[in-house]
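Got the viewer open? Let's walk through this one stop at a time, selecting as we go.

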Amino acid sequence: MGAPHPASAVRIRDLVVCFGDHIILDQLSLDVRTGEILGFVGGSGSGKSVLLRSVIGLLPKRQGTIEVLGIDRDRADDAALHALERRWGVLFQRGALFSSLTALQNVQFPMRENLCLSARLLRDVALAKLEMVGLDARDADKLPSELSGGMTKRVALARALALDPELVFLDEPTSGLDPIAAGEFDELIRTLQQTLGLTVFMVTHDLESLRSVCDRVAALADGRVIAIGTISDMRRSTHPWMQAYFQGKRSHILATPPITGA
Amino acid sequence: MLLSLGRRDDGGVELVAAGAWTAPNAAELERLVQGMTADSFAAGAGTLNLSGIERIDTYGALLLDRLLLAWKARGQNLGVVGAAGRHQGLLREVHGLTRPRPPEPAPRGADQIPLALEHLGRSVSDKGRNLVTLINMVGALGLAIVGVLRQPTKFRLTSAVHQLDRVAWQAVPIILLITFLIGGIIAQQGFFHFRKFGADEYVVDMVGILVLREIGVLIVAIMVAGRSGSSYTAELGSMKMREEIDALRTMGFDPVEILLLPRAIALVLALPLLTFLGAMAALSGGGTVAWLYGGMDPSIFIARLREAISLTHFEVGLIKAPFMALAIGAVACAEGLTVQGSAESLGFRTTACVVKSIFLVIVLDGLFAMFFASIGM
C-alpha cells in the first residue's frame, strides 16, 4: 500500500468508447478527487455504466487515457494491474454474487485469495462486514438465490469492501432498496469514506443520496460530462436535461438542506 | 512495533498500538493480539494508546476491539486514549456490531457412519422423487399434446421448426460421420475374426442386422442425448434461474406448451430421421471397409445385404427411435425445470440430464429387445 496518493483517484482524459460505429463516450474527461464521494448521473442509456466498466477495465476504449490510483492501465504490467485491482472494490448493479457460495463465503472470497488470515479472523471480519452493511449474522449462511434483492446488494457491498479498498465503484447502490435501507446505506458509505479516507465513484439515480452523501455530482449527456460540481451548482445549470433532472417533479427533496455527515 | 506493552508510572499497563493496522498486516496483528488476550496473560487494568496509529481499517479496528473485549471479559478496565478523530468513527462502528457472534459451524466428519447412512437415504429418496418428476413431465407433455390436438392453433409451429433445425438438420454432419466410422469399425472387426474360419460373407449379415436393429439407433440416440438434451437442460435451467419461466406463467402462458412441447416434438421427429441417415451412413461405412479391407466388391456387398436384411430389421430400429426421443426430451425438460438458483446447480442438472437420458435409452432398448423377441420380430 506504499503507492503514492495522487490528488485524483481517477483521472480520465479524452476517453472515447464505441460499440461498432456507435459512439457512447466522446472525448470524456473527468477527475475523481481522492477522498471524495462523486455521484454520477445521466439518463438511462447515456453510458454511465459503460464509463464505469471502461474505468475498471471491463470494456476496451478506443482512445484516451484512464489513470486509476495513479496507475495507467495501458502502461502498467500484469503485476501492477493485479495490485491495483486489490485496491478497489466494485459493486455491480445486480450484485454479481457467486451463486454457489454463501453470503459469508462471498465476502470471504477476496480475503481468502489475497490475505493470509486465520479461520477465526476471516470469519470475524466477514461477519463484521456483513453486519456493517446491515445484514443479520443469521443470513450469512444463505446462498445468493435465497437472498432478497436488497440483501443481495448489501452482500455485494460487503464483498466490494472486503479488502478495505481505497476506491470503491458503486453502480446504483441504492436502487432496489427501501428508503430506510437506502438512507442507512448512504450513511454507511459516508462513515466508511470518513474513516478509511475512501474515494467513492457512485453511479446513482437516487436524488436523496446525491443530496446527502455526494461531495460533488457529475452529469453525463451526449457522451460527455456536461456539468460537475456541488448539488447546488447542478440546480443552477441551464442545460435542458439538467433542468429536467434537478428541477423536475421529484427534485423537491433537494430543496431541504443536506444532512452533514456524522 | 505494531503493538507493545509498557507500564505506566501509576502501575497500570499501557498498551501502545502504532503503525498501519491494516489488512496486509492483519496476520501479524492477530498474532500479537492473540498473545495479549490469552488466558495466561494477566496484565491488569490500564490504557490503550492509539496515538501512534497511522492507518487503520476494519481488520485493525476489529482486532483492537478484540483486545478491549478480552480486558472486559477479565473484568479489568482498559481505557482508550489518543484515538485520532478520523479513526473514531470506524472504531465505534466496529464496536457497535452485534455480539456475541454465532459459533463457527462444527467441522464435519466426526460421525462418518450416520453421515454415510444419511447420504444413502437422501440419494434413494432423491431417486424416487426424480422418477416422479419424470413421470410428471411425461404427463405434462401428454396433456399439452391433447390441448394442442383440441386447439391446433395453440401449437408453436415456428418454435418447433426452429428446434427441429437445431436438433436434426445441424446434427446431420456429425451423426453421418460417427455412424460411418462405427459401421466401418464393425465391418473391420468382423472381417478380422470371421476370416479365420472362412465366414467372410457373414460380415455383411452382421453389419446389416446390428446396424439396423441396434447400433444405429443407439449411437444416434446417445449422440442426441449428449448434444441436444444437454442444451435443452442448460437453456431451460438458465431461463428458470432468471425467472423467465415464472414470467411466462404470470402472463397466463403455459411454459409446457410454449417451451417444452416444441422441443419434445422436435426431438421425436428428429430422432427417426437421424436414425435413418445414421443407419445408411453405417452401412456405407461397412461397405467401404468391406471393399478396401475385406476385398469385397460393393456390388457383392449390396447383393448380400439384400439377402441378409429385411424390412423387419429396419422397422425394429426405427420404431424405437421416437420412444427414445421422448425419454430424452422428458428427462431434459424435467432436469431443466429443477435447476435452482446457482450456477453449480445448472451444471449438475445438465450432467444429470445426459447421464439419465443415456441410461434410459439403453433400458428402453433392452425392453424393446424383449418385446420384439416375444412377438417374433
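Start by selecting A:D14, which counts as partly exposed because it has 13 C-beta neighbours inside 10 Å, and a residue is called buried only from 20. Keep in mind that you are looking at a predicted model. A:D14 sits in strand 1 of chain A, residues 8-19. Check its backbone too: phi is near 50°, a positive value in a residue that isn't glycine. Most residues other than glycine have a negative phi.

Now jump to A:D164, where phi is again a positive value, near 50°, in a residue other than glycine. You'll find A:D164 in the loop between helix 5 and strand 7 (167-171) of chain A. Is A:D164 buried or exposed? A:D164 is buried, with 27 other C-beta atoms within 10 Å.

**Inside chain A**

Stay in chain A and select helix 3, residues 103-114. Its buried residues are A:A103, A:L104, A:N106, A:V107, A:Q108 and A:M111. What do they pack against? Colour helix 4 (119-132) and helix 5 (149-160) of chain A, and you have the partners of those buried residues.

Next, click on A:V155. Setting aside neighbours within four places in sequence, A:V155 is in contact with A:G95, A:L97, A:A103, A:N106, A:V107, A:L130, A:L135 and A:L147. Of these, A:A103, A:N106 and A:V107 are among the buried residues of helix 3 that you just selected.

A:V155 also belongs to the largest nonpolar core, which has 99 residues. The members that touch the most others are A:L38, A:L130, A:V155, A:V168, A:F169, A:V200 and A:M202, so select that set as a group. Helix 4 of chain A gives this core its largest share, 7 residues. There is a second, separate core of 61 residues, and to find it select B:L261, B:A264, B:L271 and B:L274, which are among its members. In soluble globular proteins, nonpolar side chains tend to be buried together.

**Where the chains meet**

Show both chains and look at the contact between them. It takes 27 residues from chain A and 26 residues from chain B. On the chain A side, helix 4 and helix 6 (179-196) each supply at least two residues. Helix 4 of chain A gives the most to this side, with 9 residues. Colour the chain A side by residue type and you get 15 nonpolar, 7 polar and 5 charged.

**Over to chain B**

Hide chain A and zoom out. Chain B has 12 helices and 4 strands. Its radius of gyration is 36 Å, well over the 21 Å that the globule rule gives for 377 residues, so chain B is more spread out than a compact globule. Along its principal axes, the C-alpha trace spans about 115 × 60 × 40 Å. Buried residues make up 34% of chain B.

Colour chain B by its domain assignment: domain 1 is 3-95 and domain 2 is 124-374. The centres of these two domains, taken over C-alpha atoms, are separated by 69 Å.

For the last stop, select helix 4 of chain B, residues 112-150. It has 39 residues and reaches 56 Å from its first C-alpha to its last, close to the expected 57 Å. Which residues of this helix are buried? They are B:M137, B:A140, B:L141 and B:A144. Add helix 9 (255-292) and helix 11 (311-337) of chain B to see what the buried residues of helix 4 pack against.

Terms used:
Residues are numbered from 1 along each chain as its sequence is written. Chains are lettered from A and ligands numbered from 1 in the order in which they are written. This is a predicted model: local features need pLDDT of at least 70, side-chain atom pairs count only at pLDDT 80 or more; totals for chains, interfaces and linings use all residues. The expected span of a helix is 1.5 Å times one less than its number of residues. A residue is buried if 20 or more other C-beta atoms lie within 10 Å of its own, exposed if 12 or fewer, and partly exposed in between; C-beta atoms are placed from the backbone. Two residues are in contact if their C-beta atoms, placed from the backbone, lie within 7 Å. Ala, Val, Leu, Ile, Met, Phe, Trp, Tyr, Cys and Pro count as nonpolar, Asp, Glu, Lys and Arg as charged, and the others, Gly among them, as polar. Domain bounds come from an automatic or database domain assignment. A nonpolar core is a set of buried Ala, Val, Leu, Ile, Met, Phe, Trp, Tyr and Cys residues joined through C-beta atoms within 7 Å. The radius of gyration is taken over C-alpha atoms; the globule rule is 2.2 Å times the number of residues to the power 0.38.
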